[in-house]
Amino acid sequence: MEGYNCDEALLHLVGGTCAVLITGSFLIGWATDNVSQVDKLWTTAPIIYTIEVLGYLYYTKGHVEGRVLLMSALVVVWGARLGNEFRKKGGFNGGWKFWKGEEDYRWIHVRGWPSLKNYWVWVLFNLIIICMYQLVLILGFSSPLFAVIDGAPLSSADGALAVTMLVVLVVQHFADAQQQRFQTKKYSLLKECKTIAALPAPYNKGFVCSGLFAYSRHPNWLCEMTFWFLFAAFIIPARGLPHYGCVSSIGSYMLFLLMNGSRQLTEAISAEKYPEYKEYQKKVKSFVPFVF
């Protein structure tokens, strides 16, 4: 982050934390054969970095700037909401045995790929793609918090960004809740009907395609990406528009690449399971309504 007043010691602190998280999640995933360890860190790692930044600034300067406090509060709200959603899906079912919990269903599908059937190839995939890429990505989209240190004073632009991000989180909450209600009801009905085709409409489709999902196939993921693009935008009132394309905004672009890849994998699985999904793909855009 050349040109920023971000101490090298702080960068070493968060970088070291990232290395510890990568090593820990890899070793635990390898030992338990549950590679969803990183999923748990999605909700907590940005908060850990936030705590480190706040503690470091208070220790070295005796105070924390308003913009850093505002951005930190937004990260905590984001993490609390996402953590609650992850809990509902069984991600924290292990309780204090944090290494347990549900493994994401998509990894079962990925394990079946011919290129990953070799044991050591799968181990390397877990290390490089699942652990390293994702955790470096999380550090990347958290890094605008470091880039705004010693920036311009807090302004109305910061307030506008914060309000917009809260609205995005509310929309994301409704999208997740709608999907959760649909899936819960579907699996409840399956106890009686046994097959999806025998379920009453709209559950016989197998997937939710009404409400927010009538305009975007993944409105919750769209909100997730939008949140972090806006988070990076705090660099603009802090440093100026030219700095928005700096290293601290790369994380939000990396997030798009990951989520688009996840979309392709998820939709390939859905298209195999549900006959009407391909028609849904033709009618409704992936993320941005009527655009993409």
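In which kind of crossing, left-handed or right-handed, does α2 pass α5? The model to explore here is a predicted one. The tour starts at α2 and answers that question at its first stop.

**Stop 1: α2 and α5**

Select residues 119-142, which form helix α5, and then residues 37-61, which form helix α2. The axes of α2 and α5 are 10 Å apart, and the two helices pack at an angle of about 30 degrees. Angles under 35 degrees count as roughly parallel, and α2 and α5 are therefore roughly parallel to each other. As for the opening question, α2 passes α5 in a right-handed crossing.

Now show the side chains at this contact. On the α2 side, pick Val38, Leu41, Trp42, Ala45, Pro46 and Tyr49. The residues they meet in α5 include Ile130, Cys131, Gln134, Leu135 and Ser142. Sorted by class, the contact of α2 with α5 has 13 nonpolar residues, two polar ones and no charged ones.

**Stop 2: α2 and α3**

Keep α2 selected and add helix α3, residues 66-88. Here the axes are 9 Å apart and the packing angle is about 160 degrees. That angle makes α2 roughly antiparallel to α3. The crossing of α2 and α3 is left-handed.

Which residues of α2 should be shown for this contact? Among them are Asp39, Lys40, Trp42, Thr43, Pro46 and Leu57. From α3, the contact includes Val68, Leu69, Trp78, Gly79 and Phe86. By class there are 13 nonpolar, five polar and two charged residues in the contact of α2 with α3. Trp42 and Pro46 of α2 take part here, and Trp42 and Pro46 also appear in the contact with α5.

**Stop 3: the cavity**

Rolling a probe the size of a water molecule over the atoms shows where empty space is left. How many cavities of 30 Å³ or more does a search of the whole structure find? The search finds one. The largest cavity has a volume of about 40 Å³.

To see its walls, select Pro46, Tyr49, Thr50, Val75, Ser142, Leu145, Phe146 and Phe231. The elements that give two or more residues to this lining are α2 and α6, the latter spanning 144-147. The largest share, three residues, comes from α2. The lining of the largest cavity has six nonpolar, two polar and no charged residues.

**Stop 4: α8 and α10**

Next, select α8, residues 219-232, together with helix α10, residues 250-273. Their axes come within 9 Å and cross at roughly 175 degrees. This makes α8 roughly antiparallel to α10.

On α8, show Trp221, Glu224, Met225, Trp228, Phe229 and Ala232. Their partners in α10 include Tyr253, Phe256, Met259, Arg263 and Thr266. The contact of α8 with α10 has nine nonpolar, three polar and two charged residues.

**Stop 5: two backbone details**

Most residues other than glycine have a negative phi, and most peptide bonds are trans. The last two selections depart from these habits.

Go to the loop between α6 and α7 and pick aspartate 150. Aspartate 150 is not a glycine, yet its phi is positive, about 65 degrees.

Then move to the loop between α7 (156-193) and α8, where proline 202 lies. Is the peptide bond from alanine 201 to proline 202 cis or trans? The bond is cis, with omega near 0 degrees.

Key
Residues are numbered from 1 along each chain as its sequence is written. This is a predicted model: local features need pLDDT of at least 70, side-chain atom pairs count only at pLDDT 80 or more; totals for chains, interfaces and linings use all residues. Side-chain values use heavy atoms; hydrogens and water are left out. Axes are lines fitted to C-alpha atoms, for helices over the stretch in contact, and angles run from 0 to 180 degrees between N-to-C directions. Helices (H or I, at least four residues) and strands (E, at least two) are DSSP runs, numbered from the N terminus. Angles under 35 degrees count as roughly parallel, over 145 as roughly antiparallel, 65 to 115 as roughly perpendicular and the rest as oblique. A crossing is left-handed if the near helix is turned anticlockwise from the far one by less than a right angle, and right-handed if clockwise. Contact means heavy atoms within 4.5 Å. Ala, Val, Leu, Ile, Met, Phe, Trp, Tyr, Cys and Pro count as nonpolar, Asp, Glu, Lys and Arg as charged, and the others, Gly among them, as polar. On a 1 Å grid over the protein atoms alone, a cavity is a set of points where a 1.4 Å probe fits but cannot get out, and a pocket is an open set with protein on both sides within 12 Å along at least five of seven lines; lining residues have an atom within 4 Å of a point. Grid points are joined across faces, edges and corners, and a volume is the space filled by probe spheres set on the points.
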